[in-house]
Amino acid sequence: MRTIRLPEPPSGSLGMPEIFEGGVYSVIRRAVVIGNGFAGSENQSIGLVRALGLGEKHSLYRVSRPQGGINEWLHWLPVSLHKKLYYVIRRICGDSRFAIILRGKKLLPFPSQTSISSGLASILDADAKRIAAMARETFEKDGPLLVVASGRDTINIASSIKRLAPENVFVVQIQHPRTNLSRFDLVIAPRHDYYPLTPQAQEQIPRFLRSWITPREPPNKNVLTVGALHQADFGALRAAAAAWHDELAPLPKPLLVVNIGGPTSHCRYGADLAKELIGSLQNVLASCGSLRISFSRRTPQKVSNILKELGDHPKVSIWDGEEPNPHMGHLAWADAFVITADSVSMLSEACGTGKPVYVIGAERCTWKFEDFHRSLQQRGVARRFTGKEDISESWSYPPLNDTAEAARRVQEAIAEPAAFRDQKGNTVFKSCKNKMAAASAAAPAFVIHLDFSHGQSSCQALNFSQKSSFSKKMNSDDKKKMNAREMKTETTKVGSAPPGVVIANFFLRLAGIVAALAAATTMGTTDQTLPFFTQFFQFRATFDDLPALTFFVIANAIASAYLVLSLSFSVATIIRPHLAGAKMLLNVFDTVMVALTTAGAASAAAIVYLAHNGNSSANWVAICQQFNGFCQRISGAVVASFVAVVIFMVLLVMSALSL
C-alpha cells in the first residue's frame, strides 16, 4: 500500500517586504469577502484570505439576486437593474398572477436588508454604502480594510466600496472585470481570461466584433494565475486527511477519485461522454485498488444515472450527495484523479496536490477553456484520460500554487516600495521605516496608511489612540494634491453616465418598440368598406391606396425592428458603461431613426388632416364622415408614431450626453 502524499508547504516565507516583517497584520488586520452565492467564486476569495493569514478575521457578505421563475432568465442583467425590474413586475402582476404566468414556478422572496435567509446568519447582504461606512468608522481602531471579491455580480459592489472609501480600503477583484481595471487596487485573473488577445482567438472573431470582445488591454501589473484560487492548501489537506482517516485510509490502494461536473456553454457534453467514461473506467479498474465517484450539483441526471451503473462493482463507491461532502478527504487521500474538463476549480484543486490528474472531455472545450487545458498539458500537470492508463504507476510534477503566489503578490502590492516616493521621484522607503519605528515607540496601536487609489502612496503613521481622524492630519499641501488627483480622475472618465440614465435608455427603447409597432400594425390593418345601393356596388378605403400611408407603415416597421436590435447594445452599455463605441453607434442610428419616423409621421399626418377637413381649393372632399372607422384608426396610428418620434428625440439627447 502506498502512503498518502500531500503537497509540501511553500518553502520559506511568502517574500514579505522588509517593512512588514511582522506579517500582513502590520497594515491589514481584517478582511471582507464579497460573494455571489456560487461556491466556485466564493472559495477563491476565502482561499486568498486564508493564505494572507486572515482566515479567522474576515466577514462574508453576499450579493443577492431574486430567485425562481422568470428571474432565471434575468441573470444577465446587473444586480441593481434585476432587482428593480423584479420589483416592478411584482407590483404590476402580483404574486398569484405571476406564478400562473411562470407555469407554476414559485418565486422566492427578496432577502432581508441585513442578512440573507439562507440558513447562515453570519452571511450579510452586500451593501456598498454600509461596508464603506464601516471601513471609515473603524479605520482609526482597526486600520485599513481588505476587500476581496470574485464573480461578475460582485464587480459593481467592490468598485463602489473603493469609490466611497478610497482612503480606507484595499480592494482585490478576482476574475477579470473586463473593463476599467483602475476601479480596483489589484486584479487577480487566470491567464486564459486574456485568450481574446492571442492571435488564435483573433482569427476566431469576426473583424467587426473584435473591438467588442474584452479584455482589450494587456495584463500589465495584474496578477495572472494558471487556474482558480482555492482553499485546498497544505493545512486544509492535513486536516482533511485526519478527518477522513477512518473511512478512506483502509481502502485498497491505489485510490482513483472521479469528479464529475456539468456541461457549460464552452464545454458541452452529455450521455455520450458518460458512456465513453464508463468504458474507460472499466479498462483501468484492474490497476485500481478502489474507485470513488462524486457528482456536483451541476451534473445532469442522465449523466449521473449512466455512471451509477458502475455502482455494482465491488471496487466502486459512489457518493450519494448526502453530507458530509468527501471532496477534501478525496483530495487528501486519493492517489490519482479523473476530472471532467468543465470545472476549472476542481482541476485547480487537484493539480495543487502534485498527484496524477487525468482530464476527460477537454477536446470538447472551446474558446479560453481550450487554452486553459492546453496550458495544463504543456506544464505537465494534467494528461488526457484514454482508459489505457496504469493507475498503479504514479507520476508527479511541481504542484500548482496559485493561491500562495497570489497572496504574495497582494502583500507586495500593499507594501509596494515604489509607492513611497516624493515629488522628485526619490524613494523614501527608509524614512517610512523610521517613521514606523518612531510611531511604534510612541504608541503601540498604529498603522501606516497607504493610498493606492491613484497609483501613489502616502506614508503616515496613525495613532489610533488619538481622536482626530486621518483627514484632519493631512496638511493643506496633501489636500491640494488629493483634490488635483480627484479632478484629474473625473476628467478622464470618458463615456460614463449615471446608472439611472443608461437604465432609462433601456426602458425608453422598450416603450419606443411598443409605440412604433402599434403605429405600424394599426395603420397596416386599417380597412373599411361602405355598401351603396347594392352589395355589388361598394366603396372601400385601405391604407395602401395612398403611398404616404404605405411609407408610414414601412418607416415605423423599420424603427420598431431597429429598437429591438438596439436592446442588446443598450444592455451592453449598462453592463459596461465605458463602451464609447456602442454609444456612438446608437447615437448615429438614433439620428437616422428620428429622421425616418418624423418623415413618415409628417406625411401621414397631412393625409389624416385632408381626410378630416378636405381642401375646397383643390375640390378634395372630407371622407371621415363616411369612413369614420378608417379615420379613427389612421389618426391613432399617427399619434402613436409621433410618440415614437418624441422617444427617439429623448434617446438621441441621452446618447449624446453619455458620450
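**Close-up views of a predicted model**

**View 1. Leu585 sits in helix α20, which covers residues 580–613.** This is a predicted model, and here we zoom in on one stretch of that helix. Leu585 comes out as partly exposed because its relative accessible area is 33%, which falls between the 20% and 50% cut-offs. It has company: Met584, Leu585, Val588, Phe589 and Val592 make up a nonpolar patch on the surface. Put together, those five residues offer about 410 Å² of accessible area.

**View 2. The largest nonpolar core brings together 63 residues.** Look for Leu256, Val258, Leu277, Leu281 and Val357, the members that touch the most others in this core. Helix α9, residues 271–284, is the biggest giver here, with six residues. As a general backdrop, nonpolar side chains in soluble globular proteins tend to be buried together.

**View 3. Val258 and what it touches.** Leaving aside residues up to four places away in sequence, Val258 touches Leu277, Leu281, Leu291, Arg292, Ile293, Ser294 and Val338.

**View 4. A second core, separate from the largest one, holds 25 residues.** Among them are Ile123, Leu146, Phe170 and Leu229.

**View 5. Stepping back to the protein that frames these close-ups.** It has 21 helices and 17 strands, and 48% of its 659 residues are buried. Of the contacts with a separation of 6 or more, 72% link residues 24 or more positions apart. The protein exposes about 32500 Å², and carbon and sulfur atoms supply 58% of that area.

Methods: Residues numbered from 1 in each chain as written. Predicted model: local features only at pLDDT ≥ 70, side-chain atom pairs only at ≥ 80, totals over all residues. Heavy atoms only, no water. Patch = residues over 30% accessible without salt bridge, like charges linked within 9 Å, V, L, I, M, F, W, Y side chains within 5 Å. Areas by Shrake-Rupley, 256 points an atom, 1.4 Å probe, with all protein chains shown as cover. Salt bridge = Lys/Arg side-chain N within 4 Å of Asp/Glu carboxyl O. Helix = DSSP H or I, 4+ residues; strand = E, 2+ residues; numbered from the N terminus. Buried < 20%, exposed > 50% of the residue type's maximum accessible area, 1.4 Å probe, protein only. Contact = heavy atoms within 4.5 Å. Core = buried A, V, L, I, M, F, W, Y, C linked by side-chain atoms within 4.5 Å.
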